[in-house]
Amino acid sequence: KQWYQRRVAITAGGCTGQSADFVEALFKGMHGGQCVDASQFCGPCHDNAHAHFSAGNSIPCCMDNVIQKGIAAYEYVAEAYGDQVNEWVGLVSDELSAAANAKAVEYRDAVLEQADCIADAYNDHIPDCA
């Protein structure tokens with residue numbers, strides 16, 4: 001608790017403090033009902049996050065700036081190195097058993113599903129930071 005109070009005193013008012021307050025409120029708003037684990041965002045957690053945003057809680061503009069830079073960086077890496085990554089995936093897949101490849105596809109699909117739900121919640125509630 002002392003660490004948390006010290007963090008609050010150090011970051012209050014700045015972007016870090018605004019972002020921490022936002023994330024804390026978002027998770028408090030998400031948890032409840034059938035959302036008990038945000039790692040499974042699709043479904044009840046997504047619905048609760050949507051309700052939290054719809055109640056007037058928006059992403060701080062300074063945090064959205066970081067999110068936008070992260071999206072741009074991801075897009076750059078995907079564009080610049082995507083072919084190389086796909087080649088490596090192929091090399092690794094060639095060495096795995098059919099069962100291991102099936103499990104890898106299962107994990108990939110689960111991660112992509114969760115990412116799509118997170119993107120959906122974000123895209124529906126992008127703050128107006130003009």
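Here are some notes on this predicted model, starting with the overall fold and ending with the pockets.

1. Overall make-up. The protein is all helix as far as secondary structure goes: 5 helices and 0 strands. Reading from the N terminus, the order is simply α-α-α-α-α. Of its 130 residues, 20% count as buried. Look at contacts between residues at least 6 apart in sequence, and 61% of them join residues at least 24 apart.

2. The nonpolar core. The largest one has 14 residues, and those with the most contacts inside it include Phe22, Leu26, Phe41, Phe53 and Ile59. Met30 and Ala49 belong to that list too. Helices H2, H3 and H5 each give two or more residues to this core.

3. Phe41 and its neighbours. Leaving aside residues up to four places away in sequence, what does Phe41 touch? On one side of the sequence there is Met30, then His46 and Ala49, and further along Gln114, Cys117, Ile118 and Ala121. Of these partners, Gln114, Cys117 and Ala121 are listed among the buried residues of H5, while Met30 and Ala49 are core residues from the list in point 2.

4. His52. This one is worth a click in the viewer. His52 sits in helix H3, so is it buried or exposed? It is buried, because its relative accessible area is 10% and the cut-off for buried is under 20%. Again skipping residues up to four places away in sequence, His52 touches Ala25, Leu26, Gly29 and Asn57. Leu26 also appears in the core list.

5. Ser19. Here is another buried residue that is not in the nonpolar class: Ser19 lies in helix H2 and counts as buried at 13% relative accessibility. Its contacts, not counting residues up to four places away in sequence, are Pro60, Cys62 and Met63. The C-alpha atoms of Ser19 and Ile59 are separated by 7.8 Å, although the two are 40 residues apart along the chain.

6. Helix H5. With 26 residues, H5 reaches 37 Å from its first C-alpha to its last, close to the 38 Å expected at 1.5 Å a residue. Its buried residues are Gln114, Cys117, Ala121 and Tyr122. The cover over them includes H3 and H4. As background, an α-helix has 3.6 residues a turn, so residues three or four places apart point the same way.

7. The largest pocket. About 510 Å³ of space lies in it. The lining comes to 20 residues, and Ile59, Ile67, Ile118, Ala119 and Tyr122 lie nearest the centre. Helices H2 (15-30), H3 (44-54), H4 (61-95) and H5 (98-123) each give two or more residues to that lining. H5 supplies the largest share, 6 residues. By class, the lining splits into 18 nonpolar, 2 polar and no charged residues. Tyr122 turns up here as well as among the buried residues of H5.

8. The second largest pocket. This one holds about 160 Å³ of space. Its lining is made of Val89, Val92, Ser93, Leu96, Asn101, Ala104, Val105 and Arg108. Two or more of those residues come from each of H4 and H5, with H5 giving the largest share, 4 residues. What is the division by class? There are 5 nonpolar, 2 polar and 1 charged.

Notes:
Residues numbered from 1 in each chain as written. Predicted model: local features only at pLDDT ≥ 70, side-chain atom pairs only at ≥ 80, totals over all residues. Heavy atoms only, no water. 1 Å grid on protein atoms, 1.4 Å probe; cavity = no way out; pocket = protein on both sides within 12 Å on 5 of 7 lines; lining within 4 Å. Points joined across faces, edges and corners; volume = space filled by probe spheres on them. Nonpolar A, V, L, I, M, F, W, Y, C, P; charged D, E, K, R; others polar. Expected span 1.5 Å × (residues − 1). Buried < 20%, exposed > 50% of the residue type's maximum accessible area, 1.4 Å probe, protein only. Contact = heavy atoms within 4.5 Å. Core = buried A, V, L, I, M, F, W, Y, C linked by side-chain atoms within 4.5 Å.
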